[in-house]
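Here is a short briefing on a protein structure. Look at the model first, then work through the points by topic.

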There are 2 protein chains.
Amino acid sequence: MTETQATVDSVLAMLRAQPHDEEQLEQLALEAHLLPVGELVYLLESRPETEAAVLFRVLDKDRALGVFESLPSHHQAELISALRTPQVAEIIGDLDPDDRAALLDELPASVAERLMHGLDADERAMTTTVLGYPRHAIGRYMSPEVLTLLPTLTVREAMAHVRAHAEEPETVYLLPVVDGSRTLLGVVGLRRLLVADEEALVGDIAHEAVRARATDDREDAARRFFGAKLLAMPIVDSEDRLVGIVTVDDAIDILEQENTEDSARTSGSEPLRRAYLSTPIIGIVRSRIVWLLVLAISAILTVQVLEVFEDRLDQVVILALFIPLLTGTGGNTGNQAATTVTRALAVGEVRVRDLPRVVWQELRVGATLGAVLGALGFLVSGLVYGWAIGTVMGLTLLSICTMAAIVGGLMPLVAKRVGADPAVFSNPFISTFCDATGLIIYFTIATAVLGL
Amino acid sequence: MTETQATVDSVLAMLRAQPHDEEQLEQLALEAHLLPVGELVYLLESRPETEAAVLFRVLDKDRALGVFESLPSHHQAELISALRTPQVAEIIGDLDPDDRAALLDELPASVAERLMHGLDADERAMTTTVLGYPRHAIGRYMSPEVLTLLPTLTVREAMAHVRAHAEEPETVYLLPVVDGSRTLLGVVGLRRLLVADEEALVGDIAHEAVRARATDDREDAARRFFGAKLLAMPIVDSEDRLVGIVTVDDAIDILEQENTEDSARTSGSEPLRRAYLSTPIIGIVRSRIVWLLVLAISAILTVQVLEVFEDRLDQVVILALFIPLLTGTGGNTGNQAATTVTRALAVGEVRVRDLPRVVWQELRVGATLGAVLGALGFLVSGLVYGWAIGTVMGLTLLSICTMAAIVGGLMPLVAKRVGADPAVFSNPFISTFCDATGLIIYFTIATAVLGL
């Protein structure tokens, strides 16, 4: 028995055992890598559809293209339809997203396009799992029905082509120009085509395409989309071959989802998967309970801080009266700063490298706000509770506002820096942090001023 | 001297005195209303441009149309250019927006279209003031360069028309169909035109237009735009005459501005007018100080609540330790509910009339969250500080979470009901409210359980 034959047998055995977890699929990929194209074609033709689809999916991109092109066309069609079955989607979908990205190479553009062809939005969502795009990749939102033009067409021929196929694609208003191997050369807007000289060549009137890789993050891609005021954006694979197109309504959906996510996260809850009124109670509870618990447990810090100062509280019980006012003001100041910076990050006005400028900005804003509130606090509490308490309140408000504005401005940048959603770390987390820090500031100042 | 002559003299005197405030303009409008069209035409032709423009602007819509059409064409052009001058914009712009809307009738569609023609975005912003649209009206975002079709054109003629004028308008992908008096009959997409029979009539292939009134609120109009997955939306006046078109990039700008506004308001600050890092400190302070002061002053309520319970605090100083944890948890729960409901309102999932359902939903969610946190609070604080304190903590967390979730869910609906931005009333306001209410709950439960 030759070595190849042994490998074929081993691959066969693995396929029969229906590989389901990452380890088995990885092993299958390794063994398949050792086989020549001819043997792979034989295996794909001889195995049941689901097994063939799984084997095909673990091939690396170049071999997948070679194998696919060597298959007879009816086998190609069978393979495509098998890749769309729920069974295959399940096997692939069971993988951890990171493992999936590591294990599964991109499918060749021609295969990906055929795989996605003619599917509705739900089917497409399932199929993109098979394609192996990460959860928030722009590739998950693309439509594969793209009307393309060859650069060698004249404008008249191109217009005839558009007229003949205007019913099918997602859009006819932006036309990607590709060569024979689907490499994206540029784009032509339909308006440009309408006014161009009929004998001009498409290749000459096309312009550079604003594009996205299928694996690009959906929010980055959508922002680029809106920045360039596009109606559609071509999506390419790692070799710049066209795999689909994203239209403006997809980009708007993405923006809306991101905004909903940001707004939920800002208040320490997870976005709901369906409309609020139709979400079962348990779903809403689940979206809120984790952060609420995390925050409540973090808030134990405030209990411990107060315990440290318990004897001062016992001496001057009046100090307790101002606790909610002071922590509330700190929280509010911190939230204002965090929300401004989070939004500025989202729309791209601020980058992580602007951190020192943000801190300097918030230091001055916080100190100004603190000076105003502190002056007011000094007067009001001084008049009611005496000037010693007034001094404590004035100094504490000044310090707390300055601290909270800086912390609020910093947190979203730190979150972004460590790769987290800036919104996650923000408001409730900042409130809790500022509560504990604010109490330390408060009692330190009180101890000093009142001589406790 | 005839009565008309007296009125002409009086109008002349008012124009010479350069009316600048609401009262003067109102008086001018009243007197002008008494004059026949012929006299108005005479006045418009004989007065300097700025005076003519102001007089023209205070005419009601029907008379404005009659007068405009009676003017020789070079005077029409002069009047249009005078309406665009900064002087006229200033006179109109100085009016209070509500007065402006009450005083100035819409301009006739044909005049409005000429007025806006050929202006860039900045000039347009100025000119929409002259048109009298309220600050957040969709009319302020429209472009007047619209390529329209008559319903009697054949598809071939229409395509030739589009080709001939494809360079000028904002978009050629949606073509409003209008009759001779600019009344909007429907729309045709360019794609539809491309595939239709060349001899078909535009009127027969047009379909109902999703439209907006120029005075409609920008956010409502933008949501309708996205809901219908449009690329452009025709804008009409009160008589359904076409005055302009809003394209998808305008609608996206509106959505982004609304999202920025909502996110700023959620944290109790006003949206900044320019990029964060380039906004001067005083601008940022101004965007935050008002709410911060309002909230700090409201927070004096918490001081007063605590003062009422000061003797209990004096007896059991340990109760003070939990104040920040309890108020923090209440604030977090309230914010989660408020953010969810605010967002659901913004995207149209929840209406004001759903108030009872929202309350019932949040009552159950809040009670569930409170039960979990309460059980945990009972155990942890019971173990450390004894079961009496544990009982107080457990019951308080249960009650505070329920109360806060209900308040958080209610507030955005109440704000919307009274015509305020739901985001304004939300997070910091809810925190402060829940702080005070939470403290009352806390000390009431403590008094009962501990027998103080």
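How many nonpolar, polar and charged residues does the lining of the largest cavity have? The lining has 13 nonpolar, 21 polar and two charged residues. Keep in mind that this is a predicted model. The points below start with the two chains, then turn to cores, cavities, a pocket and single residues.

**How the two chains are related**

- Two copies of a chain are related by a rotation about an axis and a shift along it.
- Here, a rotation of 180° with 0.0 Å of shift along its axis places chain B on chain A, with an RMSD of 0.1 Å.
- The two copies are therefore related as by a two-fold rotation axis.
- Both copies use the same surface, since 100% of the contact residues of chain B recur in chain A.

**Nonpolar cores**

- The largest nonpolar core has 126 residues.
- Six of them touch the most other members: A:Leu55, A:Phe56, A:Phe226, B:Leu55, B:Phe56 and B:Phe226.
- Leaving aside residues up to four places away in sequence, A:Phe226 touches A:Val248, A:Ala251, A:Ile252 and A:Leu255, and also B:Ile252 from chain B.
- A second core, separate from this one, has 66 residues. Among them are A:Leu306, A:Leu321, A:Ile441 and B:Leu319.

**A buried helix**

- Helix H4 of chain B covers residues 49-57.
- Seven of its nine residues are buried, so H4(B) is largely enclosed by the rest of the structure.
- The buried residues of H4(B) are B:Glu51, B:Ala52, B:Ala53, B:Val54, B:Leu55, B:Phe56 and B:Arg57.
- Two of these, B:Leu55 and B:Phe56, were also named in the largest nonpolar core.

**The two cavities**

- There are two cavities of 30 Å³ or more.
- The largest cavity has a volume of about 380 Å³.
- It is lined by 36 residues, and the closest to its centre are A:Ser431, A:Asp435, B:Thr327, B:Gly328 and B:Ser431.
- Both chains help to line the largest cavity: H16, H18 and H21 of chain A and H16, H19 and H22 of chain B each give two or more residues.
- H19(B) gives the most to this lining, with eight residues.
- The second largest cavity holds about 320 Å³ of space.
- Its lining has 19 residues, and those nearest its centre are A:Asn259, A:Asp262, A:Ser263, B:Asn259 and B:Ser263.
- Two or more residues of the lining of the second largest cavity come from each of H15 and H18 of chain A and H15 and H19 of chain B.
- The lining of the second largest cavity divides into two nonpolar, 13 polar and four charged residues.

**The second largest pocket**

- The second largest pocket has a volume of about 1600 Å³.
- It has 45 lining residues, and the closest to its centre are B:Gln257, B:Pro271, B:Leu272, B:Arg273 and B:Arg274.
- Chain A supplies at least two lining residues from each of helix H14 (218-227) and helix H18 (323-346).
- Chain B does so from each of helix H10 (121-131), helix H15 (248-266) and helix H16 (281-308).
- H15(B) gives the most to the lining of the second largest pocket, with eleven residues.
- Which classes make up this lining? There are twelve nonpolar, 13 polar and 20 charged residues.

**Single residues to find**

- A:Asn332 sits in helix H18 of chain A. Is A:Asn332 buried or exposed? Its relative accessible area is 9%, and buried means under 20%, so A:Asn332 is buried.
- Not counting residues up to four places away in sequence, A:Asn332 touches B:Leu292, B:Leu295, B:Pro428 and B:Thr432.
- A:Asp120 lies in the loop between H9 and H10 of chain A. At 42% relative accessibility, A:Asp120 is partly exposed.
- The C-alpha atoms of A:Asp120 and A:Ser143 are 9.2 Å apart, although 23 residues separate the two along the chain.

**Unusual backbone angles**

- Most residues other than glycine have a negative phi.
- A:Lys229 is not a glycine, yet it has a positive phi of about 50°. A:Lys229 is in the loop between H14 and strand E4 of chain A.
- B:Asp240 is not a glycine either, and it has a positive phi of about 65°.
- B:Asp240 is in the loop between strands E4 and E5 of chain B. At 27% relative accessibility, B:Asp240 counts as partly exposed.

Note on methods
Residues are numbered from 1 along each chain as its sequence is written. Chains are lettered from A and ligands numbered from 1 in the order in which they are written. This is a predicted model: local features need pLDDT of at least 70, side-chain atom pairs count only at pLDDT 80 or more; totals for chains, interfaces and linings use all residues. Side-chain values use heavy atoms; hydrogens and water are left out. On a 1 Å grid over the protein atoms alone, a cavity is a set of points where a 1.4 Å probe fits but cannot get out, and a pocket is an open set with protein on both sides within 12 Å along at least five of seven lines; lining residues have an atom within 4 Å of a point. Grid points are joined across faces, edges and corners, and a volume is the space filled by probe spheres set on the points. Helices (H or I, at least four residues) and strands (E, at least two) are DSSP runs, numbered from the N terminus. Ala, Val, Leu, Ile, Met, Phe, Trp, Tyr, Cys and Pro count as nonpolar, Asp, Glu, Lys and Arg as charged, and the others, Gly among them, as polar. Copies are superposed by least squares on the C-alpha atoms of residues with pLDDT of at least 70 in both. Contact means heavy atoms within 4.5 Å. A nonpolar core is a set of buried Ala, Val, Leu, Ile, Met, Phe, Trp, Tyr and Cys residues joined through side-chain atoms within 4.5 Å. Buried means under 20% relative accessible area, exposed over 50%, partly exposed in between (1.4 Å probe, protein chains only).
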